[in-house]
Amino acid sequence: MVTALVRPMPALDAGPARLDANRFSAANRRRLSGPALRTFTAIADLWRLDEGERLLVLGLPSRSTYYGWLKAAREHQDVTLGVDVLTRISAVLGIHQALGVLHADEQDGIAWLRRPHQAPLFGGQPPLALVTGGTQDGLMAVRRFLDAARGGLFLAPNAVDRDAQAATDADIVLA
């Protein structure tokens, strides 16, 4: 008689877990808001964004609200930004980080933001036009584009790519 060994099936994952609602609590947003604003301001200065562009990136708060946030953040006082504003700042941080990974020189990354781009997403406009377009969608689209480039999806070759030598069988070492 032949006996088959039956292994128990591993439990199937029920799908992605729901986000913990505490992530969006006022206390957590207050903890993140000051550092987020200070970092956003540093990046906006580096990218040479004017006041209008900064307001658009943040979702168009009133000038008085924006300057109230900045004053509180600079003086390390409590400030609590909304989820939308924190999400927008997070997108800016992600864009800035991706530019740092993709470009050896910080100024090259800023130039990429300001130069017209032929990818269908940009339609010949500079990526900064989407970033400062006033929509969270524009910010996230640029961030996803750069994250995809970081992950190896196609991006036009640069000088490093043109000078790279193809690997040969002799280059492969098995240990």
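These are my notebook entries on one predicted model, set down in the order in which I looked things up.

**Entry 1. The chain as a whole**

I began with the secondary structure and found 8 helices and 0 strands in the chain. Read from the N terminus, the elements run α-α-α-α-α-α-α-α.

I then looked up how much of the chain is covered. Of its 175 residues, 31% are buried. The chain exposes about 11,800 Å², and carbon and sulfur atoms supply 57% of that area.

I also asked how far apart in sequence the contacting residues lie. Among contacts between residues at least 6 apart in sequence, 60% join residues at least 24 apart.

**Entry 2. The largest nonpolar core**

In soluble globular proteins, nonpolar side chains tend to be buried together. With this in mind I looked up the largest nonpolar core.

I noted that this core has 36 residues, and that Trp47, Ile95 and Val131 touch the most other members. The elements that give two or more residues to the core are H1, helix H2 (51-57), helix H3 (63-74), H4, helix H5 (106-114), helix H6 (127-131) and helix H7 (136-150). Which element gives the most to this core? I found that it is H4, with 8 residues.

I followed Ile95 further. Leaving out residues up to four places away in sequence, I listed its contacts as Trp47, Leu113, Val131, Leu139, Val142, Arg143 and Leu146. Two of these, Trp47 and Val131, are named with Ile95 as touching the most other core members.

**Entry 3. Ala91 on helix H4**

I next selected Ala91, which is found in helix H4. Is Ala91 buried or exposed? I recorded a relative accessibility of 0%, and Ala91 therefore counts as buried.

Beyond its neighbours within four places in sequence, Ala91 is in contact with Leu139, Met140 and Arg143. I also noted the pair Ala91 and Asp137, which are 46 residues apart in sequence and 9.9 Å apart in space, C-alpha to C-alpha.

**Entry 4. The second largest pocket**

Rolling a probe the size of a water molecule over the atoms shows where empty space is left. I looked up the second largest pocket and noted a volume of about 270 Å³.

Its lining is made of 13 residues, and Arg23, Leu32, Leu86, Thr87 and Ser90 lie nearest its centre. By class, I recorded 8 nonpolar, 3 polar and 2 charged residues in the lining. Helix H1 (26-46) and helix H4 (83-102) each supply at least two of the lining residues. H4 gives the most to the lining, with 6 residues.

**Entry 5. Residues at and around the pocket**

I took Leu86 before the others; it lies in helix H4. Its relative accessibility is 15%, which is under the 20% limit, so I entered Leu86 as buried. Apart from neighbours within four places in sequence, Leu86 is in contact with Arg29, Ser33, Ala36 and Leu81. I noted that Leu86 and Ser33 are 53 residues apart in sequence, while their C-alpha atoms are 7.2 Å apart in space.

Thr87 is also placed in helix H4. I found a relative accessible area of 27% for Thr87, so it is partly exposed. Thr87 and Met140 are 53 residues apart in sequence, with 9.2 Å from C-alpha to C-alpha.

I also looked up Asn28, whose place is in helix H1. Asn28 has a relative accessible area of 17% and is therefore buried. Not counting residues up to four places away in sequence, Asn28 touches Asn22 and Arg23. Arg23 is one of the residues nearest the centre of the second largest pocket.

**Entry 6. Two loop residues with positive phi**

Most residues other than glycine have a negative phi. I therefore looked for exceptions to this rule.

Leu60 has a positive phi of about 60° although it is not a glycine. I located Leu60 in the loop between H2 and H3. Its relative accessible area is 56%, so Leu60 is exposed.

His76, likewise not a glycine, has a positive phi of about 55°. I found His76 in the loop between H3 and H4. Is His76 buried or exposed? At 60% relative accessibility, I entered His76 as exposed.

Definitions and conventions. Residues are numbered from 1 along each chain as its sequence is written. This is a predicted model: local features need pLDDT of at least 70, side-chain atom pairs count only at pLDDT 80 or more; totals for chains, interfaces and linings use all residues. Side-chain values use heavy atoms; hydrogens and water are left out. Helices (H or I, at least four residues) and strands (E, at least two) are DSSP runs, numbered from the N terminus. Buried means under 20% relative accessible area, exposed over 50%, partly exposed in between (1.4 Å probe, protein chains only). Contact means heavy atoms within 4.5 Å. Accessible areas come from the Shrake-Rupley method with a 1.4 Å probe; for residues, only the protein chains shown count as cover. On a 1 Å grid over the protein atoms alone, a cavity is a set of points where a 1.4 Å probe fits but cannot get out, and a pocket is an open set with protein on both sides within 12 Å along at least five of seven lines; lining residues have an atom within 4 Å of a point. Grid points are joined across faces, edges and corners, and a volume is the space filled by probe spheres set on the points. Ala, Val, Leu, Ile, Met, Phe, Trp, Tyr, Cys and Pro count as nonpolar, Asp, Glu, Lys and Arg as charged, and the others, Gly among them, as polar. A nonpolar core is a set of buried Ala, Val, Leu, Ile, Met, Phe, Trp, Tyr and Cys residues joined through side-chain atoms within 4.5 Å.
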